Amino acid sequence: MNVSFEYYKVFYHVARLGSITLAAKALFLSQPAVSKCIRQLEKVLGCALFYRMHKGMRLTPEGEVLYQHVAQACEQIAIGEKKIQAMLHLDWGSIHIGSSDMIMHAFLLPYLERFHKDYPKVRISTITASTPETIASLRARRIDLGVVFSPVEENEDLDIIPVCRVQDTFIAGNTFRHLEGSVLSPDEVAKLPIVCPEKGTSTRAYLDAFFQSHGVVLDPECELATTVLIVPFAERGLGVGITVRRFAEESLRAGSVFELQTTHRIPERAIAVVTRKRSQISHAGHAFIRCLTGKETEEAGGEQLREKCSPG
């Protein structure tokens with residue numbers, strides 16, 4: 001049975017308000033238009049839905065049965081419309097973010113704090129994993145966006161939005177203080193006990209490529225699955241850590257580690273937001289990207305990256 005939903009919508013309002021006049025006002029229709037819709041619906045269904053009373057409209061037994069179901073549908077649609085409006089105003093919704101433990105701990109937390117303060121009704125969930133695992137989760141739609149270290153392999157199904165530049169560096173604790181002031185070649189650095197991320201991460205692949213470009217194979221003393229431990233390992237003399245300089249600044253200022261000088265710096269890279277194509281991002285996702293980049297998602301790009309990795 002092919003019945004226009006508009007007929008049911010008119011029926012719902014007449015039944016709820018008990019009046020064609022009131023229903024017409026609620027629907028911004030004329031009374032004759034409302035009456036016509038009711039007659040057409042009754043004709044299609046083959047029964048009377050209302051008793052026409054002197055002071056309004058009262059449902060027939062058939063009308064009562066129909067109203068029970070139509071009311072549920074109309075009310076659920078109204079709830080859905082309200083939720084959409086709440087999502088558009090960031091008064092409701094959710095966002096699922098994937099990132100590494102290091103980026104989450106040393107970069108994202110202030111942004112998450114600010115976003116939660118600005119939009120407390122948007123639920124935030126996070127997953128910590130390596131960049132390859134984060135990209136896989138993104139493609140599997142387990143997360144809305146990933147925040148990862150570049151480089152990320154270009155792919156037509158992904159958008160990559162650089163957020164800020166970062167510089168990897170070599171740090172060491174007091175055990176290696178005799179090296180302070182020395183300028184070491186990549187080969188000399190590689191001979192030291194190195195603490196760095198384990199294989200299978202984008203950062204480790206980046207570091208391997210750097211050493212290989214200088215004819216050196218990186219053979220670390222300690223390969224860590226949890227990169228936030230690189231600085232503590234270096235502080236305790238367990239090796240020379242390779243980490244993003246900004247993430248070690250507190251320890252560098254405190255003097256618990258120092259920065260090794262080298263003949264060749266590890267090339268600068270970026271922290272980037274990776275998403276499925278932008279049309280697939282929720283309104284909350286767009287808002288969080290704006291929080292990270294300080295600009296509209298559509299305008300975010302690699303031409304002007306933030307020099308500072310902080311929300312302040």
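This is a short talk on helix packing and a few loop residues in the structure shown above. Keep in mind throughout that the model is predicted.

I will begin with helix 2, which covers residues 20–27. Which of its residues are buried? They are I20, A23, A24 and L27. Around the helix axis these residues span an arc of only 100°, so they sit on the same side of helix 2. What do they pack against? Their partners are helix 1, residues 5–17, helix 3, residues 31–45, and strand 2, residues 56–59.

Both ends of helix 2 have a detail to look at. At its start, a side-chain oxygen of S19 comes to within 3.2 Å of the backbone nitrogen of T21. Just after the helix, F28 has a positive phi of about 60°.

Next, the helix pairs. Two packed helices are described by the angle between their axes and by the distance between those axes.

Take helix 1 and helix 3. They pack at an angle of about 110°, and their axes are 9 Å apart. That angle makes helix 1 roughly perpendicular to helix 3. The crossing is left-handed. If you want to find the contact on the screen, pick Y7, Y8, V10, F11 and V14 in helix 1. On the helix 3 side, they meet V34, C37, I38, Q40, L41 and L45.

Helix 1 also packs against helix 4, which runs over residues 61–88. How do the axes of helix 1 and helix 4 cross? They come within 9 Å and cross at roughly 105°. Helix 1 and helix 4 are therefore roughly perpendicular to each other. From helix 1, the contact uses F5, Y8, K9, F11, Y12, A15 and R16. From helix 4, it uses G63, L66, Y67, V70, A71, C74, E75 and I77. Y8 and F11 deserve a second look: they are in the contact with helix 4, and they also meet helix 3.

The last pair is helix 5, residues 101–118, and helix 11, residues 283–293. Their axes come within 10 Å, with a crossing angle of roughly 125°. Why are these two called oblique? Angles of 65 to 115 degrees count as roughly perpendicular and those over 145 as roughly antiparallel, so roughly 125° falls in the oblique class. The crossing of helix 5 and helix 11 is right-handed. Helix 5 contributes F107, L108, Y111, L112, R114 and F115. Helix 11 contributes A284, A287, F288, C291 and L292.

Now the loops, starting with positive phi values. L90 lies in the loop between helix 4 and strand 3, residues 93–99. Its phi is near 55°, a positive value in a residue other than glycine. Is L90 buried or exposed? With a relative accessibility of 6%, L90 counts as buried. R141 is the other one I picked. It lies in the loop between helix 6, residues 131–139, and strand 5. Its phi is positive too, about 65°, although R141 is not a glycine. R141 is exposed, at a relative accessible area of 55%.

Moving to the loop between strand 5, residues 145–149, and strand 6, residues 158–166, we find S150. P151 is in that loop as well. The peptide bond from S150 to P151 is cis, and its omega is near 5°. S150 has a relative accessible area of 16%, so S150 is buried. Leaving out residues up to four places away in sequence, S150 touches R269 and A270.

Two more loop positions and I am done. L229 is in the loop between strand 10, residues 222–224, and helix 9, residues 230–235. Its relative accessibility is 37%, so L229 counts as partly exposed. L229 and V195 are separated by 34 residues in sequence, and their C-alpha atoms are 9.3 Å apart.

G255 follows helix 10, residues 249–254, in the loop that leads to strand 12, residues 258–259. G255 is partly exposed too, at 34% relative accessibility. How far apart are G255 and V70 in space? The C-alpha to C-alpha distance is 71 Å, with the two positions 185 residues apart in sequence numbering. V70 came up earlier, as one of the helix 4 residues in the contact with helix 1.

Note on methods: Residues numbered from 1 in each chain as written. Predicted model: local features only at pLDDT ≥ 70, side-chain atom pairs only at ≥ 80, totals over all residues. Heavy atoms only, no water. Buried < 20%, exposed > 50% of the residue type's maximum accessible area, 1.4 Å probe, protein only. Arc of directions from axis to C-beta. Contact = heavy atoms within 4.5 Å. Polar contact = N/O pair within 3.5 Å; in protein donor to acceptor, adjacent residues only side chain to side chain. Axes fitted to C-alpha atoms, helices over the stretch in contact; angles between N-to-C directions. Parallel < 35°, antiparallel > 145°, perpendicular 65-115°, else oblique. Left-handed = near helix turned anticlockwise from the far one by under 90°.
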